[in-house]
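Dear colleague,

Please find below the structure that I am handing over to you. I would be grateful if you could look through it together with the notes that follow it.

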Amino acid sequence: MKKIIPVALCAAFLPVYGFAADATTNTTSIFDNTRFFIEYGASIFSSTGTKEKLDGETLSDVDTTSVNTGTSLSIGADFDGIQLAFTPSYSDQESMSVTDLSLQLFVPFMDTKLQPFVSLSAGIGFVSIDSLDVDNEIGFSYGIGAGVKYTFNDNMYVKVGLEYAGASFSFDVYGYDADISASGFGLTTGLGYRF
């Protein structure tokens, strides 16, 4: 009887040991399914708030809408649906153009063909303004958005989203300290290929 109890205890714990061993050998992380992707994007951006200051004095605080278009090319990694990308983009509006270099994060909500997502971006921008002889002055850019991604197959997908984005620039113009900030909403689209 004394020999049966230890044997019975060992037999009782064998399934627990087997489950624990199986759990340690079959663990996965988001890095196990990492792929790379490239994505071309186009956007329409409506600038609804622009502030201009010269030596700390506000020159204008307009709330009029001006529309500009832009294009982007994203290169990044896809961590089982979560995408992190380096995204250079360019937009042009009347006498001002902005080149932006951002890091973007896309986080999906579901693992289906049609995926809602949220996005965050931050980076640096370069502004050129013909009327002020300003050429490639550096500033800060940001964005937050949401949209949907549709996957055609294991490689191809499209994205459509709305984004609130902005940028701020400080530079010297004709001996004065100038500050320009702009923000607004944009409709963004993207066509991507994962490999």
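The notes below concern the aromatic rings and a lysine placed over two of them.

Please bear in mind that this is a predicted model. Five aromatic pairs are present in the structure. One of them joins F106 and F117 in an edge-to-face arrangement, with the ring centres 5.5 Å apart and an angle of 75° between the planes. This pair connects distant parts of the chain: F106 belongs to strand 5 (residues 96-108), while F117 belongs to strand 6 (residues 114-129), and 11 residues separate the two.

Both partners are shielded from solvent by the usual criterion of relative accessible area under 20%. F106 has a value of 9% and is therefore buried; F117, at 8%, is buried as well.

Another of the pairs is formed by Y193 and F195, and this one is stacked, with 6.4 Å from centre to centre and 20° between the planes. Here the accessibilities are as follows. Y193 counts as partly exposed because its relative accessibility is 37%, whereas F195, at 54%, counts as exposed.

K159 deserves a look alongside the F106 and F117 pair. The charged end of K159 sits over the ring of F106, at 3.4 Å from the ring centre. K159 also lies over the face of F117, where the distance to the ring centre is 5.8 Å.

With kind regards

Methods. Residues are numbered from 1 along each chain as its sequence is written. This is a predicted model: local features need pLDDT of at least 70, side-chain atom pairs count only at pLDDT 80 or more; totals for chains, interfaces and linings use all residues. Side-chain values use heavy atoms; hydrogens and water are left out. Rings of Phe, Tyr and Trp (its six-membered ring) pair if their centres lie within 6.5 Å; planes under 30 degrees apart count as stacked, over 60 as edge-to-face and the rest as tilted. Helices (H or I, at least four residues) and strands (E, at least two) are DSSP runs, numbered from the N terminus. Buried means under 20% relative accessible area, exposed over 50%, partly exposed in between (1.4 Å probe, protein chains only). A charge sits over a ring if NZ of Lys or CZ of Arg is within 6 Å of the ring centre and within 35 degrees of the ring normal.
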